[in-house]
Amino acid sequence: MTFKVLYAGTPEIAVAPLNGLIEAGYDVVGVLTREDAPVGRKRVMTPSPVAARAEELGLPVIKANKWSEQTASAVAELNADIAAVVAYGAILPQAALNLLPNGWINLHFSQLPNWRGAAPVQRALMAGESEIFSNTFQIEAGLDSGPVFLSESTQVAEGDTAGDILMRLASTGGALLAQTFDRIAQGDHGTPQQGEPTRAAKLTLADGKVDWTRSAEELLAQVRGVSPEPGAWCEYNDARLKLAMMTSADANVSGTEPGTVQLIAKKCVVTCGNGALELTQVQPAGKKMMNATDWARGLGSALTEKKVVLA
């Protein structure tokens, strides 16, 4: 049995699983996505990446930011057997969950019940985890609480950001969903989640604020987790200084307080609570991202006197 599939997703990471389901031979009968949103400085109303891909594929597109009778009617007309959900971005009420005969299956980027919520990969990286998972599970009334079908994972490589990990897991997510649908067609109802759940709240700008009194290892984990959004930052001269990815620095920074900037072996190094980090690129307020060493050289005599301290 091959299900007719409704695909619910919105951002760029949800495009690859849609492609994967189609490549696996599943009949995607339509797409549910969020409404067009303003993009860029000119705030041009733009379809979601999933909507744009669906239009390329010639699929019917339903745009809704929340469930309504109109949405229910449009979904019912597609006569789908099951739904695949990948970062759709809206809560599905019980009425929606009851609408399709085989329910709604979510591709979630964590090892459930760990990291239930909006930012699982980001929170896992910020916690220092070295292996990041994705699960397929049956959506029910609770937050990411339904029975789990399949799981896969990827190792965190040096320099990996949340964006990198999400795209890597998304690239194989369509195949994982297809395998899950095959199992459901054979009568599999999934396995109830075991253990105490952890939460993965949506990131805010405050999550990107760097505290230089923390260890270099902790800060690297934080920066991985908040990249590319909302991004890492600190303060210098009472203005926000945006920070690109950092790397570990094998440098002698003894005797300097956390946050002190130095040029060591032509590298821009910052003292941490334990160890040091090399800044690769920074973006001062009102300017473009630039090479961190060039920025440090521009600080002049204050740098040589070790008076440049980031907050």
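The following paragraphs lead through a predicted model of one protein chain, from its overall build to its pockets, cysteines and salt bridges.

The protein chain has 311 residues, of which 49% count as buried. Its secondary structure comprises nine helices and 17 strands. Along the principal axes, the C-alpha trace spans about 70 × 45 × 30 Å. Many of the contacts link parts that lie apart in sequence: among contacts between residues at least 6 apart, 65% join residues at least 24 apart.

Helix α1 offers a starting point for the interior. This helix covers residues 15-23, and its buried residues are Val15, Pro17, Leu18, Gly20 and Leu21. An α-helix has 3.6 residues a turn, so residues three or four places apart point the same way. Within α1, the buried set includes Pro17 and Leu21, as well as Leu18. The buried residues of α1 pack against strands β1 (4-9), β2, β6 and β7, and against helices α2 (49-57) and α6. After the helix comes Gly25, which has a positive phi, near 95°.

Several of these packing partners appear again around the largest pocket. Strands β6 (82-86) and β7 (104-108), together with helices α5 (120-126) and α6 (162-185), each contribute at least two residues to its lining. The volume of this pocket is about 1500 Å³. Its lining consists of 41 residues, and those nearest the centre are Ala87, Tyr88, Gly89, Ala118 and Ala119. By class, the lining residues comprise 24 nonpolar, eleven polar and six charged.

The second largest pocket has a volume of about 160 Å³. Helix α7 (residues 216-226) provides the largest share of its lining, with five residues. Among the lining residues are Glu217, Glu218, Leu220, Ala221 and Arg224. Elsewhere in the sequence, the lining includes Leu125, Gly128, Glu129 and Ser130, and also Val156, Ala157 and Glu158. The lining of this second pocket divides into five nonpolar, two polar and five charged residues.

Leu125 also serves as a reference point for a residue later in the chain, Glu278. The C-alpha atoms of Glu278 and Leu125 are separated by 19 Å, and the two residues are 153 apart along the chain. Glu278 belongs to strand β15 (residues 276-279). Is Glu278 buried or exposed? With a relative accessible area of 17%, Glu278 counts as buried, because the value lies under the 20% limit. Beyond its neighbours within four places in sequence, Glu278 is in contact with Met246, Thr247 and Ala249, and also with Lys267, Cys268 and Val269.

Cys268, one of those contacts of Glu278, leads to the cysteines. How many disulfides does a search of the whole structure find? The search finds zero. Cys268 is in no disulfide, and the nearest cysteine sulfur, that of Cys234, is 9.9 Å away. Because a disulfide requires sulfur atoms within 2.5 Å, that separation does not qualify. Cys268 is itself buried, with a relative accessible area of 0%. Cys272 is likewise in no disulfide; its nearest cysteine sulfur, again that of Cys234, is 11 Å away. Cys272 is also buried, with a relative accessible area of 5%.

Salt bridges, by contrast, are present: a search of the whole structure finds seven. One of them joins Lys63 and Asp36, with the closest N and O atoms 2.7 Å apart. This pair links distant parts of the chain, since Lys63 lies in strand β5 (residues 61-63) and Asp36 in the loop between β2 (27-33) and β3 (37-39), 27 residues apart. Both partners are partly exposed, with relative accessible areas of 31% for Lys63 and 29% for Asp36.

A second salt bridge connects the side chains of Arg168 and Asp160, at 2.8 Å from N to O. Here the two partners fall into separate accessibility classes: Arg168 is partly exposed at 31%, whereas Asp160 is buried at 8%. Another salt bridge is formed by Asp188 and Arg183, whose closest N and O atoms are 3.0 Å apart. Asp188 is partly exposed, with a relative accessible area of 21%, and Arg183 is partly exposed at 36%.

Terms used:
Residues numbered from 1 in each chain as written. Predicted model: local features only at pLDDT ≥ 70, side-chain atom pairs only at ≥ 80, totals over all residues. Heavy atoms only, no water. 1 Å grid on protein atoms, 1.4 Å probe; cavity = no way out; pocket = protein on both sides within 12 Å on 5 of 7 lines; lining within 4 Å. Points joined across faces, edges and corners; volume = space filled by probe spheres on them. Helix = DSSP H or I, 4+ residues; strand = E, 2+ residues; numbered from the N terminus. Nonpolar A, V, L, I, M, F, W, Y, C, P; charged D, E, K, R; others polar. Buried < 20%, exposed > 50% of the residue type's maximum accessible area, 1.4 Å probe, protein only. Salt bridge = Lys/Arg side-chain N within 4 Å of Asp/Glu carboxyl O. Contact = heavy atoms within 4.5 Å.
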